[in-house]
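Please open the model in a viewer and keep the sequence panel at hand. The tour proceeds by selection, with a short account of what is found at each stop.

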Amino acid sequence: MSMSMDSKLNAVVLGEALASDADDLIVPTQDFSTHAHVPSFDNYLELYKWSIEDPAGFWSNIASQFYWKQKWGQPVYSENLDIQKGRINIEWFKGGITNICYNCLDTNIAAGNAEKIAIYWEGNEPGVDATLTYQQLLHRVCQLANYLKDIGIRKGDAVLIYLPMLMELPIAMLACARIGAVHSVVFAGFSSESLSQRIMDCKPKVVITCNAVRRGPKTINLKDIVDMALAESAQGGTVVDVCLTYENDSALKKESTKWVEGRDTWWQDVVPKYPATCDVEWVDAEDPLFLLYTSGSTGKPKGVLHTTGGYMVYTATTFKYAFDYKPSDIYWCTADCGWITGHSYVTYGPLLNGASVVVFEGAPNYPNPGRCWDIVDKYEVSIFYTAPTLVRSLMREGDEARISYTVTLLIAVLKHLLLSAIGSGKFWKKKGGNFSQLIYFSGKASILLQFGIEEALEGTYSLLCILMESWGNLERNRSEARGMNADRILPNETTHDTSFKFAAMCVDSFNYSCEPLAKKAVKMHVTRYSRKSLRVLGSVGEPINPSAWRWFYNFVGDTRCPISDTWWQTETGGFMITPLPGAWPQKPGSATFPFFGVQPVIVDEKGVELEGACSGYLCIKSSWPGAFRTLYGDHERYETTYFSAFPGYYFSGDGCSRDKDGYHWLTGRVDDVINVSGHRIGTAEVESALVSHPQCAEAAVVGVEHEVKGQGIYAFVTLVEGVPYSDDLRKSLVLAVRNQIGAFAAPDKIHWAPGLPKTRSGKIMRRILRKIACKQLDELGDTSTLADPGVVGQLIALADS
Ligand code: PRX
């Protein structure tokens, strides 16, 4: 171990941390730690030291637990991360022959998990669901793999997948992996332009999609988007021969789907006809597994390329340790497979561990903000992994619910009192049935109004209450209609007494049912669900602010579930800095310590490593098995983007602080990338979409703090000479971005800019724009070096226009 590593580790003295920062430390329960894979910090240090001092030995030991048709050669890994020493190169387990699909499915089946559920699929609409056991999943994967082979897909060919979170998405990824094809999943929220850009870059032989998807209350016709993208890419010279389309008939019927004869094929018409077994294509550990496009600081997305062996070992291991995964766990990650999280921690990492995974098609707040916890209870989810943006949005709903809690409680108490009075017969005798009915209905109407009919009808208590009430009313009405004849139905009792008896019964049952109903209704969204199955929580994609962390921990996890705040990137393949639950106390908002084999360093702008408590640029020294190997078709861009800023290191593009206890605190991107709801968006991409609008002359985009999304997109737009500002134009500029990139990249604010603050050499000074966007006008700094300092005043004047 190097001196710097030693001193860094020495800084992490937990006794010190406990004593100095007691308020900030969330200590795992003894019970959790005792049963954790890594029960203590000492235990972690021991393994971590091994992983740093002897990476080959450490990772070989873990890799041997997988199936290899042929063991890797020597050396176990080779690397050059120093651009000054030549070509950047990373290889792990070279010469090892394996297949990741085989390790996900066949080996788990052979180990006795054939009947274990691999995927619990939950549809957009509550109540629409399906499951696949490991055996069934293998069958489905093999059928698709056989189809792909039949249409000529071979090892190394690219297959583009543009699917929502149907089971067919992981099936398609695994089918590609089985035959050695390279999948390139494009998030199904990207526009046709973005899709065609990616098609033209990776030139797939086939595109796999579905006709439409329901996302929340909306239906999105994906096939239309694919049609446009394929037409655009054909114009650009890339013709795709086959478009395999899954009929998602809950969203759109076959008959209503536009069709291109000769190119389009229905999945359901062909795939099920193929055999349910398929020989594996054995590949080298360094053969490509997938491409995934991500945003950078220039307009063109980067095709991050991951290879097979190292990625397999790394995602499986990080999954196991960072979530303290046990075979009895039910795991749910809310990410879409269109992003890296869905690759590594919906599909590969969990399946390699033989886990049962929940795959959710819908939106987490549909039909109401309690949906996530409904799903958690339904499947008894024990590990729940999500993004801070979702935590913040649900936290907001939770706050609103607390306001209605008080109101509802008052209504419930009032109703209880009134109904008890009726029950005792006082009101009944004086006013007769109508008054009682009025009370019933007004009481119920208040609930219905307040929580919506769906909410109020939910649950057995409310059903019981309504049934009893209807029964009472029915009997009363019948008795009233029949007058004295009622005696014949119920001898020995008068009509009045009969009605009274029924009404009293209703009142009693309503009293019993009203209270729990009210309790159920007031504990909106989170606490009305049990969530007792939860054991570990996870967060990813952006820094989680301490207040969101605490809400997640206190409300969702009932203070018993550690939170794994996992810092990593598309490029890193798997977790890099992450808590290991149970191994050490947590600090809300800190990703804590490096995973095994990862050597984070914080450098200053000159690339000098900083020691002890410090802030700077986050880099990684030495390679790890899950690292990306290149940018598809552009190794030079790979080297300049990631390895030239600080020679000798991989530069993450993130800022980071390390506190005196050695805990890492990610502070966000330091390049021109904005992180919106955990999605990376390059400012240049948004700017180029804006300037494609015929009335936009120039645009500059900056990120601003956003309460829910983490960062929002703030665009300064200069219009073509003579074009007046208008709200319609604003909308059409936003639409241009939605159409070119996707709805998730839509700017939150368009700020009219008669000019942009530029240096004399023409460089836009974003620092000034950021300050104007954040309304930090007293921190503008020196503006005298601008070519036209007057522009700043003009921008400030137009801030609220
Ligand atoms: O800025 C960091 C942020 O997300 C970036 C990586 O984005 P992407 O490649 O799309 O992958 C997202 C899922 C891994 C990082 O450069 N980021 C990711 N996780 C965290 C984070 N920032 C702070 N804390 C995290 N846990």
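**The C-terminal annotated span**

Begin by selecting residues 685-763, a span with 27% helix and 32% strand whose end C-alpha atoms lie 17 Å apart. In an unreviewed UniProt entry, these residues carry the annotation "domain: AMP-binding enzyme C-terminal". The coordinates belong to a predicted model.

**The N-terminal annotated span**

Next, select residues 44-104, where the unreviewed UniProt entry places the feature "domain: Acetyl-coenzyme A synthetase N-terminal". Helix accounts for 39% of this span and strand for 16%, and 27 Å separates the end C-alpha atoms.

Within this selection, display the backbone from glutamine 74 to proline 75, where the peptide bond is cis and omega is near 0°. Proline 75 belongs to the loop that runs between helix 5 (55-63) and strand 1 (77-80).

**The whole chain**

Now return to the full protein chain and colour it by secondary structure: 26 helices and 30 strands are assigned. Of its 801 residues, 59% count as buried. The accessible surface comes to about 31,400 Å², with 54% of it belonging to carbon and sulfur atoms. If contacts are drawn between residues at least 6 apart in sequence, 72% of them join residues at least 24 apart.

**The ligand and its shell**

Select the ligand and the 17 residues around it; Asp565, Thr566, Thr570, Arg669 and Arg680 come nearest. By class, the shell comprises 6 nonpolar, 6 polar and 5 charged residues. Three elements each supply at least two residues of this shell: helix 13 (340-352), strand 20 (563-566) and strand 25 (664-669).

Which polar atoms of aspartate 565, glutamine 569 and glycine 541 should be displayed here? For aspartate 565, show the side chain: one of its N or O atoms is 2.7 Å from a nitrogen atom of the ligand. For glycine 541, show the backbone, of which an N or O atom lies 3.1 Å from a ligand nitrogen atom. For glutamine 569, show the side chain again, where a polar atom lies 2.8 Å from an oxygen atom of the ligand. With a surface drawn over the protein, the ligand is 96% covered, relative to the 540 Å² of accessible area it has on its own.

**Helix 13 and what follows**

Move to helix 13, one of the elements that contribute to the ligand shell. Is this helix mostly covered or mostly uncovered? Mostly covered: 13 of its 13 residues are buried. Just after the helix, select glycine 354, which takes a positive phi of about 70°.

Continue along the chain to the bond between tyrosine 366 and proline 367, a cis peptide bond with omega of about 0°. Proline 367 sits in the loop between strand 17 (356-360) and helix 14 (371-379).

Beyond helix 14, select glutamate 380, in the loop that leads to strand 18 (383-386). Its phi is near 55°, a positive value in a residue other than glycine. Glutamate 380 counts as exposed because its relative accessible area, 54%, is over 50%.

**A second positive phi outside glycine**

Go back to lysine 203, in the loop between helix 9 (192-202) and strand 8 (206-210). Phi of lysine 203 is near 50°, again positive in a residue other than glycine. With a relative accessible area of 52%, lysine 203 is exposed. Such stops merit inspection, because most residues other than glycine have a negative phi, and most peptide bonds are trans.

**Two loop residues to compare**

Select threonine 572, in the loop between strand 20 and strand 21 (599-603). Is threonine 572 buried or exposed? It is buried, with a relative accessible area of 0%. Leaving aside neighbours within four places in sequence, threonine 572 contacts His306, Tyr314, Trp624, Gly626, Ala627 and Tyr650.

Finally, select asparagine 545, in the loop between strand 19 (536-540) and helix 21 (546-556). Asparagine 545 is partly exposed, with a relative accessible area of 28%. To close the tour, draw a C-alpha to C-alpha distance from asparagine 545 to leucine 786: the two residues are 35 Å apart in space and 241 residues apart in sequence.

How values were computed
Residues are numbered from 1 along each chain as its sequence is written. This is a predicted model: local features need pLDDT of at least 70, side-chain atom pairs count only at pLDDT 80 or more; totals for chains, interfaces and linings use all residues. Side-chain values use heavy atoms; hydrogens and water are left out. A residue is near a molecule or strand if one of its heavy atoms lies within 4 Å of it. A polar contact is a pair of N or O atoms within 3.5 Å; within protein, one must be able to donate a hydrogen and the other to accept it, and residues adjacent in sequence count only if both atoms are side-chain atoms. Accessible areas come from the Shrake-Rupley method with a 1.4 Å probe; for residues, only the protein chains shown count as cover. Helices (H or I, at least four residues) and strands (E, at least two) are DSSP runs, numbered from the N terminus. Ala, Val, Leu, Ile, Met, Phe, Trp, Tyr, Cys and Pro count as nonpolar, Asp, Glu, Lys and Arg as charged, and the others, Gly among them, as polar. UniProt positions are given in the numbering used here, feature names are shortened, and annotations may be inferred rather than shown by experiment. Buried means under 20% relative accessible area, exposed over 50%, partly exposed in between (1.4 Å probe, protein chains only). Contact means heavy atoms within 4.5 Å.
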